[in-house]
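Work through the exercises below with the sequence and the coordinates at hand, and try each task before reading its solution.

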Amino acid sequence: MSTPATTTSTPASRVFSSDNAAGTSPEIIEAVTRALSGPALPYGADDGTAAVRRRLSEIFERDVDVLLVSTGTAANALSLAALTPPWGSVLCHRESHINNDECGAPEFYTAGAKLVPLGGDDAKIDPGELRAAARHKAGDVHSVEPSVVSLTQATETGAVYTLDEIRTLGSIAEEAGLRLHMDGARFAGAVASVGCTPAELTWRAGVDLLSFGATKNGTMTADAIVVFDRSLTAELTFRAKRAGHLTSKMRFQAAQLDAYLRDDLWLRNAAHANAMAARLQEGLKAVPGVGLLGTADANILFCRLPQRVTEGLLAEGYTFYHDRWEPGVVRFVTSFTTTEQDADHLIQAVTRHAT
């Protein structure tokens, strides 16, 4: 497996490996600074945590419960543990983060539930495969019991599920008696791309729990679990404490998310990252020898590059994933900090090495 070549001297403008490499929005830093002084009740009893719940309830157009966590892995694994018995199975796409990049955390936190990977274009679960898997050996004591469907929005390839696609998969899950989880590590990018409300893309389409990602889009150390089925809240609270995610000074995570949600910063950051990926896509499609793979609905762009181009970019100090999926395939990820100049310079560098 290839990892991005990085050095401490790599200019930020040449980092396209992941949006995790981006810094923190100034508004969020200012909010954390304000939270530094004075006392606040611990373990989520502070006013800031309550404010985050109110903001998310407004955004999702219903009362929700919210658990603040420090990582997307924790959000995903704790959510699935609350939805899946140890003898259950999680139906997910084979390219999903929970299947490939969580180091077994979902299996660990569910006490052994099995991930069942499914296929589908653009890392979206194919409805036909889901329908078959949802009924496969259901009720058979010799097999794991299909229990929950997990969707990634946006997907690992940068594609975005449309509202109709989510509704279709949600209906299949509901008919089979399965719960529905959404890994929203890049949920803001999906909302900014698809033009539907957060409510339409989640609970109105059947989603029970949302892993609400924020660290890829501007926060420092704060993600969240948004609970639409509030009967799950008590169990999630105990699981979060047991897993070490009930932070004593939660006001600092709350301050980050409060600023992130205020004045639509989360959507503005995501829309910018998406626009920079679209700019890259438009520029690279005209370069001889470069083959675009799929469409960048959000902020991830996959393409096929000649080896000399990849080597030339690495020699110039660019960082990106290459050869991880198959030889010659690279991934470029933009962020809220990517500038038009950054994108244009990358296009120019690819063009230089391709011609």
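**Exercise 1. Check the length of helix α14 against its residue count, then find which residues it buries and what they pack against.**

Step 1. Helix α14 covers residues 340–354, which is 15 residues, and at 1.5 Å a residue it should span 21 Å; its end C-alpha atoms are 21 Å apart, so expectation and model agree. The expected span is 1.5 Å times one less than the number of residues, and helices (H or I, at least four residues) and strands (E, at least two) are DSSP runs, numbered from the N terminus.

Step 2. The model is a predicted one, in which local features need pLDDT of at least 70 and side-chain atom pairs count only at pLDDT 80 or more, while totals for chains, interfaces and linings use all residues. Residues are numbered from 1 along each chain as its sequence is written, and side-chain values use heavy atoms, with hydrogens and water left out.

Step 3. Taking buried as under 20% relative accessible area, exposed as over 50% and partly exposed as in between (1.4 Å probe, protein chains only), the buried residues of α14 are Asp342, Ala343, Leu346, Ile347, Ala349, Val350 and Ala354. Seen down the axis of α14, these residues fall within an arc of 160°, so they line one face of the helix; the arc is that of the directions from the helix axis to the C-beta atoms.

Step 4. With contact defined as heavy atoms within 4.5 Å, the buried residues of α14 pack against α12 (265–284), α13 (307–315) and β11 (329–333).

**Exercise 2. Apply the length test to helix α7, and follow the chain on either side of this helix.**

Step 1. The 13 residues of α7 (residues 163–175) should span 18 Å at 1.5 Å a residue, and the end C-alpha atoms are 18 Å apart, which agrees.

Step 2. Leu163, Ile166, Leu169, Gly170, Ile172 and Ala173 are the buried residues of α7, and they pack against α6 (127–135), β4 (145–152), β5 (179–184) and α9 (198–201).

Step 3. In the loop between β4 and α7 lies Ala154, and the peptide bond that joins Gln153 to Ala154 is cis, with omega near -5°. Just after α7, Gly177 takes a positive phi of about 75°.

**Exercise 3. Find the residues through which α1 and α11 meet, and sort the contact by class.**

Step 1. Glu27, Ile28, Ala31, Val32 and Ala35 in α1 meet Arg251, Phe252, Ala255, Gln256, Ala259 and Tyr260 in α11.

Step 2. By class, this contact of α1 with α11 has 8 nonpolar, 1 polar and 2 charged residues, where Ala, Val, Leu, Ile, Met, Phe, Trp, Tyr, Cys and Pro count as nonpolar, Asp, Glu, Lys and Arg as charged, and the others, Gly among them, as polar.

**Exercise 4. Which residues other than glycine have a positive phi, and are they buried or exposed?**

Step 1. Ala111 has a positive phi of about 65° although it is not a glycine; Ala111 lies in the loop between α5 (105–109) and β3 (114–118), and at 58% relative accessibility this residue counts as exposed.

Step 2. Asp264 has a phi near 60°, likewise a positive value in a residue other than glycine; Asp264 is placed in the loop between α11 and α12, and at 42% relative accessibility it counts as partly exposed.
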